[in-house]
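Reader: I've got a structure here and a few things I'd like to ask about it. Can we go through them one at a time?

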Amino acid sequence: ARPLPFAPRPVPLSATLAVNEALHRKRGQGMRVLPLGFGEAGIPIHPALARELEAAAGRGAYGPVAGSAALRAAAAGYWSRRGTPTDPSSVVCGPGSKPLLFALLMALGGDVVVPAPSWVTYAAQTALVGAEPVRVATPPGEGGVPSPALLADAVVRARRRGRTVRAVVVTLPDNPTGTLAAEDTVRRLCSVARDLDLVVISDEIYRDLVHEPGRTVPSPVRFAPERAVVTTALSKSLAAGGWRLGVARLPDGPFGRALRDSVLGVASEVWSSAPAPMQHAAAYAFAEPPELVEHVDRSRRLHAAVAAAVADRFAAAGARVPRPQAAFYVYPDLGPLREALGEGHGVRTAEDLTSLLLERYGVGVLPGSSFGDPPAALRMRVAPSLLYGEDDEQRLAALASPA
Ligand code: PLP
């Protein structure tokens with residue numbers, strides 16, 4: 001047969017999933033692997049949540065594009081309890097927050113400012129929708145928020161080049177650094193975004209995993225409700241990433257309603273409606289029954305302890321490592337160890353190190369360059385087994401599950 005005269009558009013696998021796939025292959029070859037690349041909680045699904053899903057297995061029909069009324073009401077309640085009064089009509093659900101972000105970027109139709117470093121997907125999705133990511137460094141120690149002082153300059157320069165910059169993404173708390181920006185930084189970012197006519201997309205998927213008890217997340221929706229989009233999901237705090245269920249809260253006012261309509265248009269052409277059984281379980285989860293609140297709290301405490309201990313070990317080895325404040329990541333800068341790693345193992349960059357760890361030891365971690373950072377940093381998910389040993393994984397799972 002005649003070969004096709006064109007190549008498909010090259011789209012690389014997302015860095016986190018690529019590590020995951022490599023580990024699956026190694027496991028298939030009989031290697032013992034340690035998956036610390038993909039962002040997943042080291043806790044099980046709560047049995048009560050699993051029961052909700054089972055109870056809804058018979059729901060096979062397509063539902064409303066925006067999501068069921070019950071789920072939208074529950075998600076609205078979730079945000080309202082966190083100080084952001086929310087009407088169910090501004091909630092849109094989708095098969096994970098990743099596709100919701102993609103639909104948003106499609107609907108916005110312009111370039112997007114993303115923090116450097118930031119979660120791999122923002123820049124990749126921006127490019128997929130035919131736009132340009134504008135990288136802006138974060139203030140020291142405050143991952144997830146482009147520095148307000150650098151934002152205006154970057155946007156003005158991009159606009160001078162004829163670019164149409166429409167949004168800025170923040171991650172609160174942050175992946176990959178595991179830190180949480182200060183309220184004042186977020187307030188200043190919102191003020192600059194207002195001056196520059198930017199939508200603020202706030203990815204708050206790690207919101208309930210802030211290590212310090214009682215510390216609140218400074219959501220941009222508090223400072224700029226007319227332009228802030230907020231997303232979250234069941235994936236991280238309830239360890240249900242594989243269920244693929246996320247929600248977005250669109251801005252208040254006429255612009256927010258128009259944006260919602262466009263997002264729903266994209267959703268209707270891409271996923272029609274999120275899986276009905278997952279929506280049913282998610283409505284239960286976002287209503288926050290006491291057993292799930294307790295479960296998330298155990299997860300928070302467990303990951304806080306492991307992240308602090310792992311960060312301490314990196315620091316003791318000479319790495320510069322931001323103090324983990326949320327989620328389940330440590331992000332050591334291995335610059336100070338360059339000589340030792342170069343001499344002993346021929347490792348020059350974090351990419352060299354991550355391939356060595358993967359190939360020789362079956363350990364999956366990611367280099368900072370995957371997040372748009374110079375290649376001296378490493379992002380590692382912390383699993384409870386790192387602290388307590390593989391054999392204790394079951395004991396730890398028991399610790400994290402309800403009594
Ligand atoms: N946002 C951030 C910051 C993440 O780290 C991840 C998962 O790695 C996601 C979103 C993806 O979430 P979902 O499972 O809801 O698509």
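Reader: Which class of residue, nonpolar, polar or charged, has the highest count in the shell around the ligand?

Author: Keep in mind that this is a predicted model. The shell has three nonpolar and two charged residues. The remaining class counts eight, and that class is polar.

Reader: And which residues come nearest to the ligand?

Author: There are 13 residues around the ligand. The ones that come nearest are Gly-96, Ser-97, Lys-98, Ala-233 and Ser-235.

Reader: How many residues of helix H12 are buried?

Author: H12 covers residues 338–345, eight in total, and it lies largely in the open. Right after H12 comes Gly-346, with a positive phi near 70 degrees. As for buried residues in H12, the number is zero.

Reader: What radius of gyration does the protein chain have?

Author: The chain holds 15 helices and twelve strands. For 403 residues the globule rule gives 22 Å, and the chain comes close to that, so it is as compact as a globular protein of that length. Its own radius of gyration is 21 Å.

Reader: Where does UniProt place the domain feature, and how far apart are its end C-alpha atoms?

Author: The unreviewed UniProt entry lists "domain: Aminotransferase class I/classII large" at residues 52–383. Over that stretch the chain is 43% helix and 14% strand. The end C-alpha atoms of residues 52–383 are apart by 27 Å.

Notes. Residues are numbered from 1 along each chain as its sequence is written. This is a predicted model: local features need pLDDT of at least 70, side-chain atom pairs count only at pLDDT 80 or more; totals for chains, interfaces and linings use all residues. Helices (H or I, at least four residues) and strands (E, at least two) are DSSP runs, numbered from the N terminus. The radius of gyration is taken over C-alpha atoms; the globule rule is 2.2 Å times the number of residues to the power 0.38. UniProt positions are given in the numbering used here, feature names are shortened, and annotations may be inferred rather than shown by experiment. A residue is buried if 20 or more other C-beta atoms lie within 10 Å of its own, exposed if 12 or fewer, and partly exposed in between; C-beta atoms are placed from the backbone. A residue is near a molecule or strand if its C-beta atom, placed from the backbone, lies within 6 Å of it. Ala, Val, Leu, Ile, Met, Phe, Trp, Tyr, Cys and Pro count as nonpolar, Asp, Glu, Lys and Arg as charged, and the others, Gly among them, as polar.
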